[in-house]
Amino acid sequence: DPNEDTEWNDILRHFGILPPKEKTEDETEEMVLHSQKEAEGKHFGAQKVTNFCLLFVVKPYERMNLEELKEAEDDFDEADRKAIEMYRQQRLQEWKCLQRMQKYGELREISGEQYVKEVTNAPEDVWVIIHLYRSSIPMCLLVNEHLSLLARKFPEVKFLKAIVNSCIQNYYDRCLPTILVYKTGEIKGRFIGIAECGGIYLKVEELEWKLAEVGAIETDLEEKPQKSIMDIMTLSVQNISAHEDTNTKSSDVMKPHIT
């Protein structure tokens, strides 16, 4: 019986003398299922490779800036041109948004002649913080350092500094540093003298809090920075010393001495 499952028949089949053994329905079905699974596995593996590769395929125009996109526009087909235009508009909107949020970003020096243009006539939606200083006064240098840090942290706010003599003649040294906060051409806050500015041990967080209290910046500080006992004692002495000059210095700042 050529279909008999014997060792001799297996040898004869091996050498082609007998035809291959006929498979039962169960064996045939099992082979079909195995073939299907194998094919599906190969397809799934190929699909995974394809998807993996797609993750690293970046269209060339997505690596270009606006100028490069314009130069390479003729090299793309119609579908790419539409995609490029959409991508260009997206990048343009992102750039405009970034420009709005980062108008300034530094503490900039101005002269008395620029005061009206840069401060009084600044755009209505812009807060302006200007420090009137003298470089011979250590506290003024400290305030400039802190304002430089805050200018980078809050680039939407215009931070300025000006040597006091270029803006106001015969301004008292005891009134320095003087920090003025403007919005829509009006003074919204002012800190005149060492005591009002926070004392000789002023920390940048304290100055940030002061400016936030008048509305010039939106701080992420959760609570008002605390001063040490020594700072408080020093500040009290400075307040007593400055009290006599309050009326004089306030009127000096408000007078139209700015040229």
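The following dialogue sets computed values of this predicted model against the definitions behind them.

Visitor: What makes the numbering and the values here well defined?
Guide: Residues are numbered from 1 along each chain as its sequence is written, and side-chain values use heavy atoms, with hydrogens and water left out. In this predicted model, local features need pLDDT of at least 70 and side-chain atom pairs count only at pLDDT 80 or more, while totals for chains, interfaces and linings use all residues.

Visitor: How do you know that β2 and β3 pair, and in which sense?
Guide: Two strands pair if DSSP finds at least two bridges between them. Strand β2 (residues 127–133) and strand β3 (residues 158–163) share six bridges, so they count as paired, and the sense is parallel. V128, for example, has K158 of β3 as its bridge partner. Strands (E, at least two residues) and helices (H or I, at least four) are DSSP runs, numbered from the N terminus.

Visitor: What is the order of the strands in the sheet, and why do β1 and β5 stand at the edges?
Guide: The open sheet has five strands in the order β1-β3-β2-β4-β5, with mixed pairing. β1 (107–109) and β5 (186–192) each have a single partner strand, so one side of each is left without a neighbour in the sheet. From one strand to the next, the twist averages 25 degrees.

Visitor: How do you know that α6 packs on the sheet?
Guide: Contact means heavy atoms within 4.5 Å. Helix α6 (residues 138–153) touches β1, β2, β3 and β4 (178–183), and its direction makes about 160 degrees with that of β2. Such angles run from 0 to 180 degrees between N-to-C directions, the axes being lines fitted to C-alpha atoms, for helices over the stretch in contact.

Visitor: Why is the packing of α6 and α9 called oblique?
Guide: Angles under 35 degrees count as roughly parallel, over 145 as roughly antiparallel, 65 to 115 as roughly perpendicular and the rest as oblique. α6 and α9 pack at about 60 degrees, with axes 10 Å apart. That angle makes α6 oblique to α9. The contact involves H146, L147, L149, L150 and K153 of α6, together with V204, L207, E208 and L211 of α9.

Visitor: What makes a set of residues a nonpolar core, and which members touch the most others in the largest one?
Guide: A nonpolar core is a set of buried Ala, Val, Leu, Ile, Met, Phe, Trp, Tyr and Cys residues joined through side-chain atoms within 4.5 Å. The largest one has 45 residues, of which I129, I130, L132, L147, F159 and L211 touch the most other members. With seven residues, α6 gives the most to this core. Not counting residues up to four places away in sequence, L132 touches several residues, including Y115, A162 and L180.

Visitor: Why is N170 called exposed, and T184 partly exposed?
Guide: Buried means under 20% relative accessible area, exposed over 50%, and partly exposed in between (1.4 Å probe, protein chains only). N170 has 70%, so it is exposed. T184 has 41%, so it is partly exposed. N170 is in the loop between α7 and β4, and its phi is near 60 degrees, a positive value in a residue other than glycine. T184 lies in the loop between β4 and β5 and has a positive phi of about 55 degrees although it is not a glycine.

Visitor: How do you know that β4 and β5 are paired, and in which sense do they run?
Guide: Six bridges join these antiparallel strands, β4 and β5, and L180 stands opposite R190 in β5.
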